[in-house]
Amino acid sequence: MSDRENWFIDELERRGVSRREFLGFCTVMTSALALPAALSARVAKAIQGAEKPVLVWLEFQDCCGNTESFLRAARPTVADIVLDTLSVDYHETIMAAAGTQAEEALRTVVGDKKGQYLVVVEGSIPTFESGAYCTIGGRAAIDIAREVCGGAAATIAMGTCAAYGGLPAAAPNPTGALSVRDAVPGIKNLVNLPACPANAENITALLVHYLTFKYWPPLDEFGRPLFAYGQLIHDNCERRAHYDAGQYVEAWGDEGHRTGYCLYKMGCKGPVTFQNCPRVRWNEGTNWPIGCGHPCVGCAEPDFWDKMTPFYNHLQGPPFLGPGYTVDRVGVAATAGIAAAFATHGLISYIKRSREKPEPAPATPQSTDAKKGDAV
Amino acid sequence: MTHIVVDPVTRIEGHLRIEAEVDGGKVQDAWSSSTMFRGIELILQGRDPRDAWVFTQRICGVCTTVHAIASIRAVENAIGAVPPPNARLLRNLIIAMQAVQDHVVHFYHLHALDWVDIVSALSANPARTSSLAESISDWPLSSAKYFAGVRDRLKGFVERGQLGPFANAYWGHPAYKLPPEANLMAVAHYLEALDWQREVIKVHAILGGKNPHLQSFLVGGMATPVDPDKQSSLNADTLASVRALITKAHDFVARVYIPDVLAVASFYKDWAGYGAGVGNYLVYGEYPEDEGPTAPLFLPPGVIRGRDLTKVERLDPSQITEMVSHSWYEYDGGDGKALHPFQGETRPKYTGPKPPYDRLDTAAKYSWLKSPRYAGLPMEVGPLSRMLVAYASGHARVKELVGTVLQKLNVGPEALFSTLGRVAARAIETLVLAEKQGEWLDQLAANMARHDLRTHDNAKWDPSSWPSDATGAGFHEAPRGALGHWVHIRNGAIANYQCIVPSTWNAGPRDASSQRGPYEEALIGTPVADPAKPVEILRTIHSFDPCLACGVH
Amino acid sequence: MIQDQPLAETVRVYVWEWPVRVCHWLIAGSIAVMAVTGLYIANPGPITTGLASQRSLMGLVKLIHYSTAIVFGIAVISRIWWMFAGNNYARWDKFVPASTKRWKALGPTLGYYLFRLRKPPGFVGHNPLAGLAYTIVFAVYLIMLGTGLAMYSVSAHVGSPLRWFTFLVPWFGGLSTARWLHHGFMWMLIGFAVHHVYSAVLMSQVEANATVESIFSGYKFVPREDLVYSGYRFIDRKDTRG
Ligand code: HEM
Ligand code: HEM
Ligand code: NFV
Ligand code: SF4
Ligand code: SF4
Ligand code: F3S
Ligand SMILES: [Mg+2]
């Protein structure tokens, strides 16, 4: 084993992580990423052998939830090491330096490590008012994003805000907030890791994948890694048997709710949301929203603030009509309106016709058949 | 006169910019500005009030529960829903664990590096560190070997040459006063706290599905079912897990956090003389011990003016207003007005310099924060305010702990009005809450034993049961202080929504009569040894635990 | 020649060939089934009790919905094919008002419905307004198929060719949007059915041409003049008295 690897194993042991636990972690990561088991050795090697790649974490119009989620990264002691595997040279929430010293740290990375560093962006990017809705050190977020993401080896848009605009971009989008993809078109190797916030398990899995293979996992149409967003919540949900059976929670705290019936009628968005929540769950597998009796709100989907609301109705109402206008309510009303209109029409026709003098009786049906060649 | 700008202020939540005039080694004047706006109050308009908590929760991912709580309380207040006892207890448990975890993370991961010199820790003697640690606590991780391990790990980290988040800081600055051994101990606890916070917050996952951004709140109660006989509900097994985590939380607070705060504080007693701020303290009160709007609160509400601990005024919510004379907003009736949140307006109007810029025009408007006032006065909110009001109202446990701390540090109660006072008050509050949690858990278990399984007031779930026009206010004590949400509901949809958040109170700019906000006032007189490395400014600002995503929203 | 005969005479015309009629009824029938099952999917109840493993109410309803969707899909595609293979009345140009003649007759037809004219322009097959409505209805069929397939595709088992249709998901703005579009357009079909049945009955009465019967038998009885002029009369003579 090389010195570097020894250093790493020593390091692990100092932290009370045995070599075996570490390899176990690598196996777990390998399976989280759905990689063949033989690759787990390669994951281990990649983690310990790598030069610490530099990571820059930018926060724009965010709530810091993804940073907090990152701090909850699972497989505790070893996740800590995964952090050490990176050199986090800029992250406003945790870095010691402030002000000019912090700005300098960022400048150094962008200047010295061009094309080699990773960027995480948390939060959306405002475009109205020349970007004055989010400035850092007097610079507009969009400027910083262009420069920093533009020079990066890869960018992770972490959380729904960075990936799709998220909450700040919800109607009426007062600040012209955009996702990273829309604000800085054409940047290299952009991966969206949505959810509000992104799950620590998926954050770790994504980084390990990149560190191991130096490329990003396959993505879907919305730029999300398939390993975490390839299947519907609904298709992996522990309450699915109750859904199929027709057993639903009807009121909060009712017998069905306590028994773990399906939350569909309470507004669950599991049927239209892609994420691996039911399988990896949250906080080291402790629980997840549906596990705790609350419907999924679809937090990993683009525009879920507008498309999944009202949250307690599983079907969105026609947009812009406001709460209370369900599709069925509008549909029934429209159908009733049509029926009423035609009933009126029928009545008027009847009255009009009965007032007219009877026309000569129309020809009787036993008339000749149309012949070939008759015009139409 | 030197004009200094600290932007970004780091190790906080959000985007804060401090500008200050320094002369004679002291801050003479200061301006606090937040440079990020999202407009969540505007985004809420026209939506279903039952959805609002999910939106407002995303005001902040650090204090991830508080805007959810304030929101459901505001809507419940408007529509007249009364959550049953189990919902109240579940909420109390969630709120308390939020405060405990948030305070510890603040101390170790956001604040400590202002007091602790990591580089100095490299030269610590592990054996002496061990005796220091053992002299202040019986925490088991205290052997010389353990500290040697931490030091070597730190060495290894430094020797690899990539300092990552610890690069470029103020190490070696003369304002750092701790001996190397104390620094090493603090570094060890920085790392332990990182593991601890991830562990204890699982209480939120059990009771709320996940953390951050728990997902079990409901207008009218909680979505978490309780039933001792059901595997999909909170039952004896899950209660036991919560119990274990609560114990773990208390253990660390009592045996690591409190002793560390006392140890660090004893080297920085001069900071009991800086950072006092506006001297007015506002508390809404928290932890209802019974149902309904008049239920007694475990931490009492009240207002203290002019540092007068002999008198706690009754809180009158109608005295609360917000001004925008120095904020990038306009008011319909003129920017000089002070509006109560029920009449509140959020009309962003940027008039600052076009980015990129070097200086803000601090004579004009200079922040995305509004300026909240109580009876026209700026108010400090937060753990210090809560502990002062509790202390002055005769809260037994708070009085006892405050007394102990003052005595251990050998200072008088006036020391509380300071940067150091905030650090101490936060620690005391953490202990009080860590001790209290078990009681609420016991009450929950007792209810379940009696087969009281209600967690929600279903009667008010359907919007057709609501008045067509209603207003409500929801108050909450968030980790950083008094939080209020005000909602106006018309025909089942939100007509207006206003939040006044702890960090709006504390970090807000000057008002129409040029009264400084609490951050600004607290900075006056703060010593600055080297204007190029203003670590002292960070100390006072960090003592408030800023959260600007909250403050502006 | 037909001109020699009196115009008032009615002629029996074979308008709807059997594929038109069969498709019509398969489509109408499957819409009825899918609307009922779809409404249950959207608003399930009453709930079942007992062991989940022994109940499958929603599962069954969905199975019916999906199976009927196959019938519906085949019928719609067949009818579209027949727009190119069938007789004159079944052709695509009797749907889209592509010719000037049909385009210009739209106004007078509408005028009839609004009581401005006493009789509609005489068309043997679809009148232009009905044709236009059917065009829209066929577009709705395609949207129902598209959104339905989009929703189905993401849960189709691995290897199923239906997985291929996942490309439709972003087309419809994501699954949640696809879902409410699917649901919303169902109401359009229901609304159309109300109007459509009424119109058929109305036309049958006014024109006494067995419009309603025609969708069963295939035959309509139309004035010879309609066969000759086929709507021209109204446009050319601006004859509001018919
Ligand atoms: C034109 C006739 C149809 C009608 C009236 C109809 C109606 C409906 C309705 C009302 C729903 C419930 C939507 C909701 O509120 O959740 C639904 C669901 C669905 N329909 Fe249809 N539908 C039709 C055709 C189709 C077709 C052609 C497909 C093709 C596969 C299809 C597949 C689906 C699927 C996959 C669902 C979602 C079921 C789920 O919740 O998992 N439908 N349909
Ligand atoms: C869901 C219900 C129905 C739908 C969606 C529907 C749809 C259609 C469509 C698209 C056409 C054009 C025919 C073609 O060329 O393929 C049509 C024609 C026709 N349908 Fe229906 N139909 C429905 C129910 C009915 C019912 C219940 C009746 C009988 C009362 C009926 C009577 C007719 C008649 C008479 C025609 C020919 C009318 C004309 O062209 O003027 N339909 N229908
Ligand atoms: N200020 C603030 Fe919060 C807290 N505590 C909110 O109400 O941090 Ni994000
Ligand atoms: S995605 Fe959610 S958690 Fe992340 S920054 Fe946005 S609001 Fe916060
Ligand atoms: S709870 Fe939600 S995701 Fe789970 S089965 Fe029911 S509808 Fe699907
Ligand atoms: S709300 Fe989000 S966290 Fe998972 S269960 Fe739904 S995607
Ligand atoms: Mg506000």
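In this predicted model, an oxygen atom of ligand 1 sits 2.7 Å from an N or O atom in the side chain of C:Lys62, a polar contact in the sense of a pair of N or O atoms within 3.5 Å. Two histidines do something similar with nitrogen: a nitrogen atom of ligand 1 lies 2.7 Å from a side-chain N or O atom of C:His65, and a nitrogen atom of the ligand is also 2.7 Å from one in the side chain of C:His182.

These three are among the residues that come nearest to ligand 1, along with C:Arg179 and C:His183, out of 26 around it (a residue counts as near if one of its heavy atoms lies within 4 Å). The site is shared between chains, because residues from chains A and C surround ligand 1. On the chain C side, helices H1 (18-42), H2 (57-85), H4 (128-153) and H6 (175-207) each chip in at least two shell residues; helices here are DSSP runs of H or I with at least four residues, and strands are E runs of at least two, numbered from the N terminus.

Over in chain A, five strands make an open sheet in the order S2-S1-S3-S7-S9, with parallel pairing; strands pair if DSSP finds at least two bridges between them. S2 (87-91) and S9 (190-193) of chain A are the edge strands, each pairing on one side only. Strand S7 (residues 154-158) of chain A runs parallel to S9(A), joined by four bridges, and A:Met158 has A:Leu193 in S9(A) as its bridge partner.

As for conventions, residues are numbered from 1 along each chain as its sequence is written, with chains lettered from A and ligands numbered from 1 in written order. Local features need pLDDT of at least 70 and side-chain atom pairs count only at pLDDT 80 or more, while totals for chains, interfaces and linings use all residues, and side-chain values use heavy atoms, leaving out hydrogens and water.

Technical notes:
A polar contact is a pair of N or O atoms within 3.5 Å; within protein, one must be able to donate a hydrogen and the other to accept it, and residues adjacent in sequence count only if both atoms are side-chain atoms.
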